[in-house]
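Work through the exercises below with the sequence and the model open side by side. Try each task before reading its solution.

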Amino acid sequence: MTRLSKSADDFVLVVKCPDRKGVVAAVSGFLADNDASIVESNHFNDAIADEFYMRTVFRADGPMPPKADLERGFELIARRFDMQWSLHAAAAKPRVLIAVSKFGHCLYDLLHRWRSGQLPVEIVGVMSNHDDMRSFTEWNGLPFHHLPVTKDTKAAQEEQFIALVDALHVDLVVLARYMQILSPQLCAQLAGRCINIHHSFLPSFKGAKPYHQAFDRGVKIIGATAHYVTTDLDEGPIIEQGVQRVDHGHTPDDLVKIGQDIECSVLARAVVWHAEHRILINGVKTVVFGH
């Protein structure tokens with residue numbers, strides 16, 4: 001269906017299940033029976049994995065029951081089709097913690113978009129292993145959490161990190177050029193709720209100075225990749241990628257500037273799509289609806 005204007009009273013239903021006949025009919029019938037009107041609907045059949053994915057936005061068209069009653073009623077359908085599912089109030093904004101190191105371009109961009117109403121999230125703070133971004137963060141009226149880390153203190157610092165996530169009731173962690181490799185334990189704790197921006201169009205030039213490596217190889221495109229964090233370094237499910245053509249006339253500094261612009265836009269799109277419940281994880285890949 002065509003995307004319509006958003007309403008503060010919209011709900012988003014997200015479904016993943018084995019592909020079976022009658023799923024769409026069951027969902028739409030349930031909503032109609034409960035005086036709900038569908039305003040946006042997307043679905044995808046993964047024929048290889050035999051999985052079905054669906055995202056439906058609906059609103060009241062009569063005396064629709066409250067959210068809790070809808071959830072109880074829908075559970076009968078969910079069990080029938082062996083669904084993994086969730087129901088969200090579209091107006092609810094996920095609580096976001098941004099992690100950053102010394103490169104501030106993604107942080108600057110995210111906070112600008114947030115303050116101008118372009119990010120449908122509630123940013124609850126910024127965490128960093130360096131103190132460089134404190135003044136900018138606090139100027140934006142946000143708390144800054146300095147958690148320095150060394151090789152010997154990494155485990156203790158990550159305990160502080162996850163304690164901060166829990167204390168702030170964080171729904172999504174955004175690694176906005178946070179230049180620390182998360183431990184497998186922390187990755188597992190943040191599974192499905194931690195987005196990283198990788199400064200390359202994956203597969204990538206790994207290690208230090210990726211844009212200089214790209215320059216040395218004479219690349220013709222550069223890019224960036226936003227993905228969910230997993231225990232496989234820089235190999236989590238990809239959400240979004242962006243590229244731009246370059247040529248022999250660009251210097252390494254030119255590539256850095258172009259690359260940083262791509263990183264900002266790609267990361268922002270990934271955060272918006274996550275906040276709007278448009279992303280469903282499909283094994284090592286993602287299904288991204290209606291962007």
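The exercises cover sheets, backbone angles, a cavity and a pocket in this predicted model.

**Exercise 1. The open sheet**

Task: Give the strand order of the seven-stranded open sheet, and find which strands stand at its edges.

Solution:
- Step 1. Trace the order across the sheet. It reads S7-S6-S5-S8-S9-S10-S11.
- Step 2. Check the pairing sense. The pairing in this open sheet is mixed.
- Step 3. Look at the ends. Strand S7 (144–146) and strand S11 (238–245) each have a single partner strand, so one side of each is left without a neighbour in the sheet.
- Step 4. Add the twist. From one strand to the next it averages 20°.

**Exercise 2. One pair and the helix across it**

Task: Describe how S5 and S8 pair, and state which strands helix H5 lies across.

Solution:
- Step 1. Locate the strands. S5 covers residues 95–100 and S8 covers residues 172–175.
- Step 2. Read the sense. The two strands are parallel, with four bridges.
- Step 3. Pick one bridge. Ile-98 has Val-174 in S8 as its bridge partner.
- Step 4. Place the helix. H5 (residues 154–167) lies across S5, strand S6 (122–128), S7 and S8.
- Step 5. Take the angle. H5 runs at about 155° to S5.

**Exercise 3. A hairpin**

Task: In what sense do S2 and S3 pair, and over how many bridges?

Solution:
- Step 1. Find the strands. S2 spans 36–46, and S3 spans residues 51–60.
- Step 2. Read the pairing. It is antiparallel and runs over ten bridges.
- Step 3. Check a bridge. Asn-45 is partnered by Phe-52 in S3.
- Step 4. Inspect the turn. The hairpin has four residues between the strands, and Asp-50 takes a positive phi near 55°.

**Exercise 4. Two more aspartates**

Task: Place Asp-35 and Asp-82 in the fold, and give the phi of Asp-35 and of Asp-82.

Solution:
- Step 1. Recall the background. Most residues other than glycine have a negative phi.
- Step 2. Take Asp-35. Its phi is positive, about 60°, although it is not a glycine.
- Step 3. Place Asp-35. It sits in the loop between helix H1 (23–33) and strand S2 (36–46).
- Step 4. Judge its exposure. Relative accessibility is 29%, so Asp-35 counts as partly exposed. The band for that label lies between under 20% (buried) and over 50% (exposed).
- Step 5. Take Asp-82. Its phi is also positive, at about 55°. The residue lies in the loop between helix H2 (67–81) and S4.

**Exercise 5. The cavity**

Task: Which residues line the largest cavity, and what is its volume?

Solution:
- Step 1. Count. There is one cavity of 30 Å³ or more.
- Step 2. Size it. The volume is about 40 Å³.
- Step 3. List the lining. It consists of Leu-13, Phe-30, Leu-31, Phe-58, Leu-70, Phe-74, Trp-85 and Leu-87.
- Step 4. Assign elements. H1, H2 and S4 each give two or more residues.
- Step 5. Classify. The lining has eight nonpolar residues, no polar and no charged ones.

**Exercise 6. The second largest pocket**

Task: Which element gives the largest share of the lining of the second largest pocket?

Solution:
- Step 1. Start with volume. This pocket holds about 550 Å³ of space.
- Step 2. Find the centre. Of 21 lining residues, the closest to it are Val-14, Ser-86, His-88, His-277 and Ile-279.
- Step 3. List the contributors. Strand S1 (11–18), strand S4 (84–89), helix H8 (252–275) and strand S12 (279–282) each give two or more residues.
- Step 4. Rank them. S4 gives the largest share, five residues.
- Step 5. Classify. The lining has eleven nonpolar, six polar and four charged residues.

How values were computed: Residues are numbered from 1 along each chain as its sequence is written. This is a predicted model: local features need pLDDT of at least 70, side-chain atom pairs count only at pLDDT 80 or more; totals for chains, interfaces and linings use all residues. Side-chain values use heavy atoms; hydrogens and water are left out. On a 1 Å grid over the protein atoms alone, a cavity is a set of points where a 1.4 Å probe fits but cannot get out, and a pocket is an open set with protein on both sides within 12 Å along at least five of seven lines; lining residues have an atom within 4 Å of a point. Grid points are joined across faces, edges and corners, and a volume is the space filled by probe spheres set on the points. Ala, Val, Leu, Ile, Met, Phe, Trp, Tyr, Cys and Pro count as nonpolar, Asp, Glu, Lys and Arg as charged, and the others, Gly among them, as polar. Two strands pair if DSSP finds at least two bridges between them. Axes are lines fitted to C-alpha atoms, for helices over the stretch in contact, and angles run from 0 to 180 degrees between N-to-C directions. Contact means heavy atoms within 4.5 Å. Buried means under 20% relative accessible area, exposed over 50%, partly exposed in between (1.4 Å probe, protein chains only).
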